[in-house]
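Reader: Please take a close look at the charged side chains that pair with one another in this model. I should like a connected account that then sets them in the context of the strands and loops around them.

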Amino acid sequence: MEHRWSLRIPIRINVNVIFAEVGESPAVTRDLSLGGVFLEMLGPPRPPKYASVELLFPVGNGEDQTHYQINAGVVRETADGIGLMFRDYDVSTLPMLQQIIVSQDMTTH
């Protein structure tokens with residue numbers, strides 16, 4: 001039984017995963033929702049289950065590119081990636097996630 005409270009959107013975005021114990025690792029999103037994200041890790045290191053991480057999402061291109069940071073925790077591990085639940089969710093998180101999705105949608109069309 002799944003316990004998600006928001007719809008997952010299939011979307012591929014290159015992100016960086018930062019976790020204190022090891023450092024920074026590249027990943028790509030498989031899907032994104034208001035509650036979390038599933039990441040395909042592109043290489044080591046890989047954060048373990050229950051680790052707290054920071055995700056850096058790029059938005060925009062060239063000189064206009066900025067990065068949004070979202071805190072998350074690893075809640076699931078599979079052979080091909082990790083599932084994360086967003087933490088410290090506040091009123092700024094929803095517009096940030098919407099901007100990430102809209103920005104990515106504009107670059108793929």
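Author: In this predicted model, a salt bridge brings together the side chains of Arg30 and Glu40, with an N to O distance of 3.1 Å. Arg30 belongs to strand E3, residues 23–32, and Glu40 to strand E4, so the pair ties together parts that are ten residues apart in sequence. Arg30 is partly exposed because its relative accessible area is 30%, a value that falls between the limits of 20% and 50%. Side chains of opposite charge can pair when their charged atoms come close.

Glu40 has a further partner. It forms a salt bridge with Arg12, and the closest N and O atoms of this pair are 3.1 Å apart. Arg12 is placed in the loop between strand E1 (9–10) and strand E2 (14–19), whereas Glu40 is in strand E4, so this salt bridge ties together parts that are 28 residues apart in sequence. With a relative accessible area of 47%, Arg12 is partly exposed.

Arg30 likewise has a further partner, for its side chain also meets that of Asp80 in a salt bridge, at 2.3 Å from N to O. This pair links distant parts of the chain, 50 residues apart, with Arg30 in strand E3 and Asp80 in the loop between E6 and E7. The relative accessibility of Asp80 is 41%, so this residue counts as partly exposed. Through shared partners, the salt bridges join Arg12, Arg30, Glu40 and Asp80 into one network. The model has four salt bridges in total.

The loop that holds Asp80 leads to the pairing of the later strands. A hairpin joins E6 to E7 through two residues. E6 and E7, the latter spanning residues 81–86, run antiparallel and are paired over six bridges. Within this pairing, Val74 has Leu84 in E7 as its bridge partner. E6, residues 66–78, is also joined to E5 by eight bridges, again in the antiparallel sense. One of the paired positions is Glu54, whose bridge partner in E6 is Asn71. E5 and E6 form a hairpin as well, with six residues between them, and Gly60 in its turn has a positive phi of about 95°. In a regular strand the side chains alternate between the two faces of the sheet.

Strand E3, which holds Arg30, also contains Ser25. Is Ser25 buried or exposed? Ser25 is buried, because its relative accessible area is 0%, which is under the limit of 20%. Beyond residues up to four places away in sequence, Ser25 touches Val15, Asn16, Val17, Phe19, Met41, Gly43, Pro44 and Pro45. A polar atom of the Ser25 side chain lies 2.8 Å from the backbone oxygen of Pro45.

Pro45 is found in the loop between strand E4 (36–41) and strand E5 (52–59). The peptide bond between Pro44 and Pro45 is cis, with omega at about -5°. The loop between E4 and E5 also holds Tyr50. Its phi is near 75°, a positive value in a residue other than glycine. Tyr50 counts as exposed because its relative accessibility is 62%, which is over the limit of 50%. The loop thus holds Pro45, whose backbone oxygen lies 2.8 Å from a polar side-chain atom of buried Ser25, as well as the exposed Tyr50.

The wider setting is as follows. The chain has seven strands and one helix, arranged from the N terminus as β-β-β-β-β-β-β-α. Of its 109 residues, 39% are buried. Among the contacts between residues at least 6 apart in sequence, 49% join residues at least 24 apart. The salt bridge of Arg12 with Glu40 ties together parts 28 residues apart, and that of Arg30 with Asp80 links parts 50 residues apart. The chain exposes about 6600 Å², of which carbon and sulfur atoms supply 54%.

Key:
Residues are numbered from 1 along each chain as its sequence is written. This is a predicted model: local features need pLDDT of at least 70, side-chain atom pairs count only at pLDDT 80 or more; totals for chains, interfaces and linings use all residues. Side-chain values use heavy atoms; hydrogens and water are left out. Helices (H or I, at least four residues) and strands (E, at least two) are DSSP runs, numbered from the N terminus. Buried means under 20% relative accessible area, exposed over 50%, partly exposed in between (1.4 Å probe, protein chains only). Two strands pair if DSSP finds at least two bridges between them. Contact means heavy atoms within 4.5 Å. Accessible areas come from the Shrake-Rupley method with a 1.4 Å probe; for residues, only the protein chains shown count as cover. A polar contact is a pair of N or O atoms within 3.5 Å; within protein, one must be able to donate a hydrogen and the other to accept it, and residues adjacent in sequence count only if both atoms are side-chain atoms.
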